[in-house]
Amino acid sequence: MVVTASAQGRADVVARRPRHIAELHGLRGLALSLVVVFHLFGDGRVSGGVDVFLMVSGFLVTVALLRRADEGRLSLAERYGSFAIRLVPPALVVLAFVAVAAHTVLPPQQALQTGREIVASALYLENWELISSQLTYDAAGPQTSPVQHFWSLAVQGQFFLLWPIVVLVLAAVARRRALRLDRLVLASAGVATGVSFLWAVRLVDVDQQVAYFHSGARFWELGAGALLAVLLPSLALPGRVRDVLAWSGLGLVVASGLVVDGATHYPGPWALVPVGGAILVIVGSGSTTRSGPRLLLETAPLRFVARISYSLYLWHWPLLITYLAVREREAVGWRGAAVILGVSVLLAWATHALVEQRGRALLVRRGTGRGGAAALAATAAFCLVVGGVVVAEGVQERGDLSRLARPSADHPGAAVLGDGYAGPRTWTAAPRPEPALASKDAAPSNLDGCAVDSGPGHAEVRVCTVHEPAVPAEATATVVLLGASHVVQYEPAFAALGAVHDWEVLTVSKSGCHFMDTDESTEASCRDWNQGARERVAALDPDLVVVLGAVSRRDGPDRVIPSHVAGWRDLDAAGLRVLTVRDNPRFERSPTVCLREDGIDAPCGKSRREALAPRDPAEHAPDVPGSVAHVDLTRWICDGDACPAVVGNVLVYRDEGHLSATYVRSLAPLLDERLRAETSWLYADDAQAAAP
């Protein structure tokens with residue numbers, strides 16, 4: 001579809017052209033360079049360069065769309081083809097590299113998620129994948145997504161897809177109603193930008209981690225560029241004023257990453273610092289004096305960086321994550337960062353020369369429409385191949401996880417530490433779960449979305465059924481697991497006991513939020529969730545509420561938190577019976593990572609004395625109600641003086657601090673034994689014991 005020129009004539013065509021396109025490309029190159037430098041040398045800080053990149057993209061695209069509309073040659077096929085030819089080939093090259101790295105050098109437990117993200121990145125949906133997978137914007141580390149940076153390209157790509165349609169429709173309306181297109185675009189972009197900014201302000205306050213990736217919360221940055229594209233031709237400022245504005249804006253752009261913690265404040269009002277700086281640079285562009293930043297932005301080094309900036313942005317992050325994985329480091333030093341920067345520049349230059357330029361020339365010779373179609377066909381083929389691998393790996397993983405729930409004589413787990421164990425202590429079968437699979441071997445509530453997400457904006461109270469008797473009305477007791485993941489991790493054991501004793505087993509959980517008596521220092525969503533959870537559990541009137549007792553630490557023995565004790569008192573005052581479960585040891589380095597990297601026989605455990613107090617601190621903590629019962633399962637997690645990584649041919653842990661679901665299932669008979677001693681009322685009508 002093509003829209004012919006509007007009645008306002010072609011006089012505006014010249015005005016649509018940016019005063020100094022080289023300055024704008026220099027600004028965009030500077031913005032993406034800041035992103036790369038901060039990623040490599042900034043210790044996790046966000047530069048504000050992406051915000052500038054989005055604003056400049058919105059500006060340049062809108063300028064091009066309005067110019068083509070003024071000239072009467074605005075075509076969706078041409079626009080989409082141009083975008084595809086320019087953006088797709090380099091992205092596919094880098095994504096192919098990541099796909100290979102994910103199956104060779106990156107942590108194997110990340111392969112499935114990385115595969116999903118590769119497909120999402122190729123389809124310009126990575127920001128939504130990160131949101132749906134509950135991933136946050138993280139500083140570089142060996143466990144960080146190697147395609148995390150594609151989120152901004154996804155936001156840009158979605159804008160490139162929708163905005164030409166909007167301008168095309170407005171151009172048709174302007175032609176039929178004899179209206180001015182620029183005024184329609186100004187009004188539409190103004191409303192959308194204002195709504196997006198208000199949404200960003202609200203979402204940052206409610207859930208900044210989601211807001212960071214959210215297209216709706218990011219549109220205002222692109223929309224600001226669109227507004228500027230319409231308004232700039234009418235701005236006539238003296239050269240000296242332009243120089244002051246341009247230098248001021250450049251200072252804001254460069255300094256934004258130093259004065260604002262963008263990882264926790266963007267895209268809210270603080271993002272006005274880099275976006276406003278970029279606006280000032282563009283408004284100040286075109287000065288004919290020699291005192292502005294034009295000469296700086298048009299220097300040969302910056303022009304070179306601007307030319308390769310897209311490929312440089314694509315390459316630097318996967319290379320950084322791959323480097324950390326290969327070198328087995330948690331952070332990159334300045335020497336490593338310098339090496340990665342050098343390699344990134346070389347690969348970016350090669351990609352620009354061999355893929356961007358030659359590929360674009362080849363595709364353009366076939367026509368923009370056909371060239372774009374070829375780029376899209378390559379994307380479809382790539383996604384089919386990678387997506388097929390992802391599906392196959394997903395099926396395999398689900399099968400492996402389901403097999404872990406089946407009893408195995410070669411994997412007795414905690415039973416070997418129980419009194420009277422007479423079975424074998426050596427086995428021919430490999431330990432399970434495999435270290436690469438251990439991170440997924442978690443309680444169902446931690447995998448199926450039942451547990452409320454951590455962080456701001458998530459205060460909903462969910463009651464989830466872990467086990468329900470065949471006839472719910474005939475349940476002999478109701479047990480509620482209440483709190484964060486270190487309580488919910490015992491779900492498989494309680495589910496097994498529920499099946500034996502006809503208990504109804506429920507979870508009420510929020511990740512990262514212990515059940516406790518909160519105050520103003522508690523994070524708002526955790527405070528709200530605690531209040532709602534306390535009321536909801538009281539309404540359920542369960543026979544037993546299971547909470548976390550003494551809390552373990554990575555750097556010392558476990559201890560009881562006074563605010564937790566106050567929470568137990570609240571439950572006791574409501575007439576509810578409470579059971580505390582002592583926390584398991586936590587580690588600086590995940591035992592599963594240790595086993596995977598150092599070998600299954602490596603000493604990846606921890607000293608019991610280092611991890612745990614001599615006695616369960618909950619049993620003698622002050623102000624604990626006398627009715628509260630306590631269960632200490634660490635005697636079947638730690639063997640004598642050691643807390644090993646493998647017990648009974650089963651991996652005890654799935655990460656730095658959580659037990660594997662397989663090991664928890666092996667604890668069920670031992671938990672049954674302790675519950676009979678501490679909470680005998682649960683067994684009033686049942687003498688059956690759980691089978692080992």
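**Entry 1: aromatic rings**

I began with phenylalanine 160, which is buried at a relative accessible area of 4%. I note at the outset that the model is a predicted one. The neighbour in sequence, phenylalanine 159, also counts as buried, with 5% relative accessibility. When I searched the whole structure for aromatic pairs, I found twelve. In one of them the rings of phenylalanine 159 and phenylalanine 160 have centres 6.3 Å apart and planes at 55°, so I recorded the pair as tilted. I then followed the ring pairs outward and found that they link Phe83, Phe159, Phe160, Trp163 and Phe219 into a cluster.

Next I looked at phenylalanine 197 and tryptophan 220, whose rings form an edge-to-face pair with 5.0 Å from centre to centre and 85° between the planes. Phenylalanine 197 belongs to helix α8 and tryptophan 220 to helix α9 (residues 215–231), so this pair ties together parts that lie 23 residues apart in sequence. I checked the cover of both partners: tryptophan 220 is buried at 3% relative accessible area, whereas phenylalanine 197 counts as partly exposed at 22%.

**Entry 2: charges over rings**

I also looked for charged side chains placed over rings. Arginine 218 lies over the face of tyrosine 212, 4.7 Å from the ring centre, and the charged end of lysine 606 sits over the ring of phenylalanine 587, at 5.5 Å from its centre.

**Entry 3: salt bridges**

Which residues flank the charge of glutamate 78? I found a salt bridge to arginine 68, with the closest N and O atoms 3.5 Å apart. This pair links distant parts of the chain, since glutamate 78 is in helix α4 (residues 76–102) and arginine 68 in helix α3 (residues 49–71), ten residues apart. Glutamate 78 also forms a salt bridge with arginine 79, where the closest N and O atoms are 3.3 Å apart. Of these residues, arginine 68 is buried at 13% relative accessible area and arginine 79 is buried at 6%, while glutamate 78 counts as partly exposed at 23%.

I then turned to helix α16 (residues 368–404), where aspartate 400 and arginine 403 are three residues apart, about one turn of the helix. Their salt bridge has its closest N and O atoms 2.4 Å apart. Aspartate 400 is partly exposed, with a relative accessible area of 23%, and arginine 403 is partly exposed as well, at 37%. I also noted a network of salt bridges that links Arg589, Arg596, Glu597 and Asp598. The full count came to 21 salt bridges.

**Entry 4: surface and loops**

On the surface I found a nonpolar patch of about 490 Å², made by Leu161, Leu162, Ile165, Val169, Val173 and Leu179. I located leucine 179 in the loop between α7 (150–177) and α8 (181–213), and at 40% relative accessibility this residue counts as partly exposed.

Is proline 603 buried or exposed? With a relative accessible area of 81%, proline 603 is exposed, because the cut-off for that class is over 50%. Proline 603 lies in the loop between α21 (591–598) and β10 (606–607). From proline 603 to glutamate 504 I recorded 40 Å, C-alpha to C-alpha, for a separation of 99 residues in sequence.

**Entry 5: a hairpin**

Last, I looked up strands β7 (residues 551–553) and β8 (residues 556–559), which run antiparallel and are joined by two bridges. The two strands form a hairpin with two residues between them, and valine 551 stands opposite arginine 559 in β8.

Key
Residues are numbered from 1 along each chain as its sequence is written. This is a predicted model: local features need pLDDT of at least 70, side-chain atom pairs count only at pLDDT 80 or more; totals for chains, interfaces and linings use all residues. Side-chain values use heavy atoms; hydrogens and water are left out. Two strands pair if DSSP finds at least two bridges between them. Helices (H or I, at least four residues) and strands (E, at least two) are DSSP runs, numbered from the N terminus. Patches are made of residues with over 30% relative accessible area and no salt bridge: like charges are joined within 9 Å, nonpolar side chains (Val, Leu, Ile, Met, Phe, Trp, Tyr) within 5 Å. Accessible areas come from the Shrake-Rupley method with a 1.4 Å probe; for residues, only the protein chains shown count as cover. A salt bridge is a side-chain nitrogen of Lys or Arg within 4 Å of a carboxyl oxygen of Asp or Glu. Buried means under 20% relative accessible area, exposed over 50%, partly exposed in between (1.4 Å probe, protein chains only). Rings of Phe, Tyr and Trp (its six-membered ring) pair if their centres lie within 6.5 Å; planes under 30 degrees apart count as stacked, over 60 as edge-to-face and the rest as tilted. A charge sits over a ring if NZ of Lys or CZ of Arg is within 6 Å of the ring centre and within 35 degrees of the ring normal.
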